[in-house]
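Visitor: I am new to this structure. Please take me through one part of it in close detail, and show me how the pieces there fit together.

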Amino acid sequence: MTIAQMLDNARSQLNRMYAFELPKALDRGAILVDIRPQAQRGREGSLPGALVIERNVLEWRLDPSSSARLSLATDHDVEWIVVCSEGYTSSLAAAALQQLGLHRATDVIGGYQAMKAASLLTIGTRSPHFAREIASLASL
């Protein structure tokens with residue numbers, strides 16, 4: 001199998017999302033996950049409101065049965081939207097999440113670059129989980 005075939009296979013399992021669809025997804029409770037490595041985020045810029053989970057630990061952080069899971073990884077029905085720089089690695093990552101039973105996992109077509117082109121880099125700050133985190137920090 002080639003990487004092109006692997007990518008095609010991964011994408012055939014996903015209901016991939018365009019950047020313009022993100023606002024509606026976040027309003028319904030989807031969680032944006034930035035899997036770009038630190039160096040790449042430093043070069044390209046951040047995604048405020050997105051969870052930063054580097055690719056090498058993604059499955060452990062989002063699997064609800066993992067002892068290393070994040071508190072937001074409550075069950076297999078969470079809608080995770082994975083973002084990488086251009087939408088290649090994120091497709092492979094979202095397919096891996098689906099193999100774990102996270103059936104609503106998907107990615108953004110064109111990744112960070114598509115979000116930037118659509119002027120949606122701060123869209124994650126609209127998400128309910130981000131608002132809860134800000135409120136809890138404000139109460140400290």
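Guide: Start with the largest nonpolar core, which holds 18 residues. Val33, Ile35, Leu58, Leu62, Trp80 and Leu97 touch the most other members. Keep in mind that this is a predicted model.

Where do the core residues come from? Four elements each supply at least two of them: β1 (31–34), α4 (58–62), β3 (80–83) and α5 (89–99). The largest share belongs to α5, with 3 residues.

Now pick out Leu62. Set aside its neighbours within four places in sequence. Leu62 is then in contact with Val33, Ile53, Leu70, Ala73, Trp80, Leu97 and Leu102. Val33, Trp80 and Leu97 are among the residues that touch the most other core members.

Another core lies apart from this one. That second core has 16 residues, including Ala19, Leu47, Ile81 and Val108.

Next, follow α5 to a helix partner. Helix α1 covers residues 3–12. The axes of α1 and α5 come within 9 Å. They cross at roughly 55°, which means that α1 is oblique to α5. The crossing of the two helices is left-handed.

Which residues make the contact? From α1 come Ile3, Met6, Leu7, Ala10 and Arg11. From α5 come Ser91, Leu92 and Ala95. Sorted by character, the residues of this contact are 6 nonpolar, 1 polar and 1 charged.

So look at α5 in two ways: α5 gives the largest share of the largest core, and α5 also crosses α1 obliquely.

Key: Residues numbered from 1 in each chain as written. Predicted model: local features only at pLDDT ≥ 70, side-chain atom pairs only at ≥ 80, totals over all residues. Heavy atoms only, no water. Core = buried A, V, L, I, M, F, W, Y, C linked by side-chain atoms within 4.5 Å. Buried < 20%, exposed > 50% of the residue type's maximum accessible area, 1.4 Å probe, protein only. Contact = heavy atoms within 4.5 Å. Axes fitted to C-alpha atoms, helices over the stretch in contact; angles between N-to-C directions. Parallel < 35°, antiparallel > 145°, perpendicular 65-115°, else oblique. Left-handed = near helix turned anticlockwise from the far one by under 90°. Nonpolar A, V, L, I, M, F, W, Y, C, P; charged D, E, K, R; others polar.
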